[in-house]
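Student: I would like to go through the terms used for this entry and see what each one rests on.

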Amino acid sequence: MPGKKIQPRWGQTPWTIHFQPKSPVRKLPRVADFVVIGGGFTGLAAAAWLRHFSPEQSVVVLEAVRVGAGASGRTGGMALAETAAGNQPGLGDVLAGLRHTLRTFEINCDLDLRGAWEIAREDHARSAGSPISWQDSGTLRVVNQVDGGTLDPGKLVSGLAQAANRAGAQILQNHRVRGIQWRANPEVELAGPSGRTKIITAGNIIFATNALSLRNSGLQQGMHPRLTLAVLTAPVAEKLLEEIGLAARKPFYTVDFPYLWGRVRKDRSIVWGAGLVHSPDSNDLDAVNVADPEPSRIFAQLEQRVRHLHPALAQVKFTHRWGGPILFRDSWKPVFDWHPRSAGRKNVIVAGAYAGHGVALSSYLGKWAAEILTGGARSLPKWGQLDE
Ligand SMILES: Cc1cc2nc3c(=O)[nH]c(=O)nc-3n(C[C@H](O)[C@H](O)[C@H](O)COP(=O)(O)OP(=O)(O)OC[C@H]3O[C@@H](n4cnc5c(N)ncnc54)[C@H](O)[C@@H]3O)c2cc1C
């Protein structure tokens, strides 16, 4: 299967996504029991679980570009427990949920849950014995270890897409949803590759578009879509990893500002992330090009920051620059709720706004949404409500 490089407008990621739909769809279905909008971790996991729970019912995934074209194919790849706002009542064990999904669908994405480091500039007893000591507006040191680790985002997108497809979900790439006619069974208006408008009448819908298409998903009030930026170094020597304190291969993120996160990949290249770009004229991140002067300046600044963290990094070379869409909510809690236009009918769920905490949580909530819509015993949690 050919590997797909994704969306040059947001830069080139270092991994590829391998997915070719099993049997290309010649004719769009007019009706589907479940329409999933968005082919990232949330949507693909939801689609695989919908078919798993309810194999007799039809599932169609509508993806505007290609699977993984949003945050999921461009993420940092740090798998973290909980939400960006911490643990929430009834949330459960997010990392165990991710492992369960991987086991059920036989997905290998190099998941390695050896823990993650919180780093900060405080001169505090908590940082005694820190393997990291970096200069970055003060001295950055490890202050805490939390549950979590890393995975290969390209393999997780590919694995979920293949699993959903194998289970019988139809995945339609290059099919952008333009709008919804809000009826008892909502009508999904979409544009296929030919550009002509088509309609699918849906029994249920899962909106998994996260930081994109906010007008349709209803994620507008108190939401802040941003393109977040990352860079990759060329592979470094093991000795260099030891010198800078990353030989343990634990991913890290700052708990103070300026923000910085990163992780070591299997080939000893290092991903570093920091910097947010917003769309100057609108909330539409599709309009942002990472080659524009503002993102280019932030990339250059990030690379300089990394080179100044530690003398061993002074000559490090960078091979990739990319960005991806991320959605911040004022409360930092994810959204996991009925779509406001469907509240009475309870047949449209919206999940997203994970901030930088969505790798494990997105597929976890995708499964939860599938359980609810197939009549499982679960319900939507209060903390996910749009007005929380
Ligand atoms: C650079 C970066 C680094 C990150 N690092 C981490 C990290 O280390 N750890 C962590 O936990 N989280 C991280 N995150 C966040 C995490 O990646 C996301 O929360 C998660 O991938 C969201 O998945 P999703 O499926 O909800 O959304 P997405 O992956 O964004 O998927 C949405 C999909 O919807 C499609 N779409 C949009 N509009 C339409 C439409 N109208 N019709 C059809 N399809 C549409 C898009 O093309 C896209 O494929 C990072 C994010 C970025 C961008």
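Tutor: The model is predicted, and the questions below take up the ligand site, the rings and the backbone.

Student: What makes the pair of S72 and the ligand a polar contact?

Tutor: An N or O atom in the side chain of S72 is 2.6 Å from an oxygen atom of the ligand. The cut-off for such a pair is 3.5 Å, so the pair counts as a polar contact.

Student: Which atoms of A71 and S213 lie close enough to the ligand to count too?

Tutor: For A71, a backbone N or O atom lies 2.9 Å from an oxygen atom of the ligand. For S213, a polar side-chain atom lies 2.7 Å from a nitrogen atom of the ligand. Both values are within 3.5 Å, so both pairs qualify.

Student: How much of the ligand does the protein cover?

Tutor: On its own the ligand has 1,000 Å² of accessible area, and the protein covers 98% of that.

Student: Which residues and elements make up the shell around the ligand?

Tutor: The ligand is surrounded by 38 residues, with T42, E63, S72, M78 and S213 the closest. Two or more residues come from each of α1 (41-53), β11 (176-181), β18 (318-329) and α7 (359-373). The most come from β18, which gives three. By class, 16 residues of the shell are nonpolar, 19 polar and three charged. Domain 1 (3-76 + 154-220 + 331-384) and domain 2 (115-148 + 223-329) each supply at least three residues.

Student: Why is the charged end of K367 said to sit over the ring of W49?

Tutor: The charged end of K367 is 4.8 Å from the centre of the W49 ring. The limit is 6 Å, together with an angle within 35 degrees of the ring normal, so the pair counts as a charge over a ring. R9 and W10 form another such pair, at 5.0 Å.

Student: What links F336, Y364, W368 and W383?

Tutor: Ring pairs link these four residues into a cluster. The count of aromatic pairs comes to ten.

Student: Why is the bond between F257 and P258 called cis?

Tutor: Its omega is about 0 degrees. P258 is in the loop between β15 (252-254) and β16 (261-264).

Student: Why does the phi of E106 get a remark?

Tutor: E106 is not a glycine, yet its phi is positive, at about 55 degrees. Most residues other than glycine have a negative phi. E106 lies in the loop between α2 (94-104) and β6 (116-120).

Conventions:
Residues are numbered from 1 along each chain as its sequence is written. This is a predicted model: local features need pLDDT of at least 70, side-chain atom pairs count only at pLDDT 80 or more; totals for chains, interfaces and linings use all residues. Side-chain values use heavy atoms; hydrogens and water are left out. Rings of Phe, Tyr and Trp (its six-membered ring) pair if their centres lie within 6.5 Å; planes under 30 degrees apart count as stacked, over 60 as edge-to-face and the rest as tilted. A residue is near a molecule or strand if one of its heavy atoms lies within 4 Å of it. A polar contact is a pair of N or O atoms within 3.5 Å; within protein, one must be able to donate a hydrogen and the other to accept it, and residues adjacent in sequence count only if both atoms are side-chain atoms. Accessible areas come from the Shrake-Rupley method with a 1.4 Å probe; for residues, only the protein chains shown count as cover. Helices (H or I, at least four residues) and strands (E, at least two) are DSSP runs, numbered from the N terminus. Ala, Val, Leu, Ile, Met, Phe, Trp, Tyr, Cys and Pro count as nonpolar, Asp, Glu, Lys and Arg as charged, and the others, Gly among them, as polar. Domain bounds come from an automatic or database domain assignment.
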